[in-house]
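Q: I'm new to this structure and would love a close look at a single part of it. Could you pick one strand, walk me through its surroundings, and then show me how the rest fits around that picture?

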Amino acid sequence: MRSERTALSWLDDRERERREAGLRREVRLRTPGSALIDLASNDYLGLVRHPEVIDGAVAALRRWGAGSTGSRLVTGSTTEHALLERELAEFVGTRAGLVFATGYAANLGAVTALAGAGTLVVSDAGSHASLVDACRLSRARVVVTPHCDVEAVAHALQTRTEERALVLTDSVFSADGDLAPLPELHRICRESGAVLLVDEAHGLGVRGAGGRGLVAEVGLAGEYDVVVTATLSKSLAAQGGVVLASDKVCAHLIDSARTFIFDTGLAPAAVGAARAALAVLRREPQRAQAVLDRAADIARIAGVAAPVSAVVSVILGDPQRAFEAATMCRDAGVSVGCFRPPSVPVGTSRLRLTARATLTQDELARVEAVLADVLAIAP
Ligand code: PMP
């Protein structure tokens, strides 16, 4: 008898393959009042429950309603969106800013508006998935260069036939937590007339004076050929994304970035929360250094090299082993990230531990005890 194959039977095959490779994923629900110590989230500054951030969200919600009611160019832009854009641009050091519904949408919108057929896009092999997807959508010729390989970027730019070029990189890479060589990248971009787009998702709030980000730290904020993108969902404890650039670039994006034009504007509560989080960070700039200090504590406990961002990676190699180690941590009261392919290259599955400015010495002592157990057993 003919086996019963349907249009979606291939999904069963894929599911089996992923299960056998230790790559099944689960949606894990957080429950209210959980006592887990959080080393998994991106709430780097510990602001997600800060009373002023909650109040900022509630006040915006009450003033403007639950949703933004339309796309940014129709009804989805409130005066509060404009204030957030101005405040973020001023904080990072650019002339202008544009808020998007997510960081993902900010990257898609910025890249596709700045690159098209006739543009060369050069992207670091470690660039975030949203930049990878943006490359694909852009219809530009795309060259992916080895991770942090400035020579390879220079070569791609110098040998191009296209007049225009756009270089893409994360400032802080999300999986390893390492830093892009921004001054060198900018120098070769400037020499060959290319634009440098830097995703500061993991740099904002952590690197730079008072958390202004790595672009500001290396003195590139406000340069005409540098475009910064960021998310409001990590250090700024809210949701949403932003592009920070010159007036000219932002005006171009308003007219042509499809995720700006066709996506519904960011919800007012998220705008209010992000503004309040930024206000707290401005008042308490020491939070940024505290994240780096706590990351150093975590790295010492885990026995890995000193980190340069909030992200501490403990590479275990095998996905199943990483999964089991993460499960053991959670069972022992510590929530950790577990990154496996395709989020990281094959053979580099890992625990991803993220620091939070507000981690206490008691919490760190508990983490030390748990990691000692798990890492002694897991490898
Ligand atoms: N860029 C990087 C480097 C990220 O880590 C993320 C979030 N995981 C994004 C962009 C996307 O941001 P958002 O979650 O706001 O869409």
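A: Val167 stands opposite Leu196 in strand S6, and that pair is a good place to begin looking at this predicted model. The partner strand here is S5, residues 164-170, which pairs with S6 in the parallel sense over five bridges. To get from S5 to S6, the chain passes through helix H7, residues 182-191, and this β-α-β crossover is right-handed.

Now look at S6 itself, which covers residues 195-199. Five of its five residues are buried, so S6 is largely enclosed by the rest of the structure. In a regular strand, side chains alternate between the two faces of the sheet. Follow that idea along S6, and you find Val195, Leu197 and Asp199 on one side, with Leu196 and Val198 on the other. Both faces are covered, since each of these residues is buried.

S6 also pairs with strand S7, residues 226-231. Four bridges join S6 and S7, and the two run parallel. Here the residue to find is Asp199, whose bridge partner in S7 is Thr229.

Follow the chain onward from S7 and you come to the loop between S7 and strand S8 (241-245), where Ala237 sits. Its phi is near 60°, a positive value in a residue other than glycine. Ala237 has 30 C-beta neighbours inside 10 Å, so it counts as buried. Arg139 makes a nice companion to look at: it too is not a glycine, and it has a positive phi of about 65°. You will find Arg139 in the loop between helix H5 (129-138) and strand S4 (141-145). Because it has 14 C-beta neighbours inside 10 Å, Arg139 counts as partly exposed.

Next, the ligand. There are 14 residues around it, and those that come nearest are Thr102, Gly103, Tyr104, Ala201 and Thr231. Helix H4, residues 103-114, gives the most to this shell, with three residues. By class, the shell divides into two nonpolar, ten polar and two charged residues.

Stepping back, the domain assignment gives domain 1 as 51-283 and domain 2 as 285-377. Their C-alpha centres lie 27 Å apart. Where the domains touch, 15 residues come from domain 1 and 16 from domain 2. On the domain 1 side of that contact there are five nonpolar, six polar and four charged residues.

Two buried residues in helices round out the tour. Ala60 is found in helix H2, residues 51-64, and it counts as buried because it has 24 C-beta neighbours inside 10 Å. Not counting residues up to four places away in sequence, Ala60 touches Glu80, Pro268, Ala269, Val271 and Gly272. Val367 lies in helix H14, residues 361-377, and it is buried, with 23 other C-beta atoms within 10 Å. Leaving aside neighbours within four places in sequence, Val367 is in contact with Ile37, Leu39, Ile298, Ile301 and Val334.

One last detail to find on screen is the cis peptide bond that joins Pro341 and Pro342, with omega about 10°. Pro342 is in the loop between strand S10 (334-339) and strand S11 (349-354).

Note on methods: Residues are numbered from 1 along each chain as its sequence is written. This is a predicted model: local features need pLDDT of at least 70, side-chain atom pairs count only at pLDDT 80 or more; totals for chains, interfaces and linings use all residues. Domain bounds come from an automatic or database domain assignment. Two residues are in contact if their C-beta atoms, placed from the backbone, lie within 7 Å. Ala, Val, Leu, Ile, Met, Phe, Trp, Tyr, Cys and Pro count as nonpolar, Asp, Glu, Lys and Arg as charged, and the others, Gly among them, as polar. A residue is near a molecule or strand if its C-beta atom, placed from the backbone, lies within 6 Å of it. A residue is buried if 20 or more other C-beta atoms lie within 10 Å of its own, exposed if 12 or fewer, and partly exposed in between; C-beta atoms are placed from the backbone. Two strands pair if DSSP finds at least two bridges between them. A crossover is right-handed if, with the strands pointing away from the viewer, the path from the first strand over the helix to the second runs clockwise.
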